[in-house]
Amino acid sequence: MNAFQIKWLLLSLLVSSVIGGFDLPSKHDRSYYEQTGDVVWDVPMKEKLIALTFDDGPNPIATPLILELLKTYHAKGTFFVVGYRLDKYPDLVKREIRESHEVANHTNLHTYFKKNTSKQAVRAEIQSLSSKFEDHNIQESPWFRPPGGYYNDIVVQVAKELGYHVVLWSWHQDTKDWSKPGVDKIIAKVLDNARNGDIVLMHDHVGGSMQTVEALKKILPELQRRGFKMVTVSELVSHGIME
Ligand SMILES: [Zn+2]
């Protein structure tokens with residue numbers, strides 16, 4: 001980088017910080033937050049445990065089918081629920097709890113915390129879902145997954161203040177099922193990369209798509225055949241701590 005480029009870079013940094021004002025969130029990287037333990041991506045361990053996570057639900061068609069499949073293969077999952085969908089289908093979330101799965105916070109309106117995120121906005125989005133869980137007598141787990149995985153220092157800090165841990169997913173287990181990539185691609189993503197301590201990202205609400213459900217019909221028996229146990233995020237994390 002020459003002197004001119006450095007000057008330009010400094011100038012653009014200055015401009016963006018002025019435009020962004022005081023609320024422009026900065027972001028530490030993965031290694032920083034893995035050291036502080038405030039954000040979880042995966043939990044390396046010797047045991048053959050994997051956490052399947054399902055975001056954006058509940059969905060009246062896909063969620064019950066996923067619950068049936070999990071039951072068939074003695075698997076537990078973690079459902080990152082959004083508030084506006086809980087409003088419509090609270091009984092499905094209650095069923096998730098009743099069947100010993102984990103229910104966790106994915107904001108009220110599925111808000112992306114990008115630039116200009118304020119503490120107040122993050123707090124309101126987490127808390128309004130939290131109070132809905134309370135109204136329905138649904139026990140939520142202490143996990144928070146910011147929509148789209150958009151985290152920054154403010155998101156992590158507010159989550160922490162409210163008693164949550166931020167949980168993302170294993171980078172090699174992002175199925176992108178929300179984009180309807182095809183059943184075989186979802187299956188291959190999970191099975192080609194499955195390692196101990198993985199957190200797999202899937203969605204039980206993808207408008208009009210049954211790809212995740214179809215993929216699970218192959219993924220669950222194969223993981224079971226390889227000796228993996230599918231557990232909640234809480235169980236996965238607790239095994240990581242014990243090692
Ligand atoms: Zn989401």
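**Notebook: strand S4, His 106 and the H3 packing**

I counted ten helices and eight strands in the chain. Both are DSSP runs numbered from the N terminus, helices being H or I with at least four residues and strands E with at least two. The model is predicted, so I note that local features need pLDDT of at least 70 and side-chain atom pairs count only at pLDDT 80 or more, while totals for chains, interfaces and linings use all residues. Residues are numbered from 1 along each chain as its sequence is written, and side-chain values use heavy atoms, with hydrogens and water left out.

**Entry 1: whole chain**

I looked up burial. Of the 243 residues, 51% are buried. Buried means under 20% relative accessible area, exposed over 50%, and partly exposed in between, with a 1.4 Å probe and protein chains only. I then took the contacts (heavy atoms within 4.5 Å). Among those with a separation of 6 or more, 79% join residues 24 or more positions apart.

**Entry 2: strand S4**

I checked the two faces of S4, residues 102-105. Glu 102 and Ala 104 are buried on one side, Val 103 and Asn 105 on the other. S4 pairs with S3 (residues 77-81) in the parallel sense, over four bridges. Strands pair if DSSP finds at least two bridges between them. Phe 79 has Val 103 of S4 as its bridge partner.

**Entry 3: His 106 and Pro 146**

I moved to His 106, in the loop between S4 and helix H6 (119-135). Is His 106 buried or exposed? His 106 has a relative accessible area of 1%, so it is buried. A polar atom of its side chain lies 2.6 Å from the backbone oxygen of Arg 145. Beyond its neighbours within four places in sequence, His 106 contacts ten residues that I listed: Asp 55, Asp 56, Phe 80, Val 81, Val 82, Leu 129, Phe 144, Arg 145, Pro 146 and Pro 147.

Pro 146 sits in the loop between strand S5 (143-144) and helix H7 (153-161). Its relative accessibility is 0%, so Pro 146 counts as buried. Its C-alpha atom is 5.9 Å from that of His 106, though the two are 40 residues apart along the chain. Not counting residues up to four places away, Pro 146 also touches others, including Phe 113, Tyr 151 and Val 155.

**Entry 4: Lys 132**

I found Lys 132 in helix H6. Its relative accessibility is 18%, so Lys 132 counts as buried. Its side chain makes a polar contact of 2.7 Å with that of Asn 108. A polar contact is a pair of N or O atoms within 3.5 Å; within protein, one must be able to donate a hydrogen and the other to accept it, and residues adjacent in sequence count only if both atoms are side-chain atoms. Outside four places in sequence, Lys 132 contacts Gly 83, Tyr 84, Leu 86, Asp 87 and Asn 108.

**Entry 5: H3 against H9**

I looked up H3 with helix H9 (residues 211-225): the axes come within 10 Å and cross at roughly 10°. H3 is therefore roughly parallel to H9. Axes are lines fitted to C-alpha atoms, for helices over the stretch in contact, with angles from 0 to 180 degrees between N-to-C directions. Under 35 degrees is roughly parallel, over 145 roughly antiparallel, 65 to 115 roughly perpendicular, the rest oblique. Ala 62, Leu 65, Ile 66, Leu 69 and Leu 70 of H3 meet Val 213, Leu 216, Lys 217 and Leu 220 of H9.
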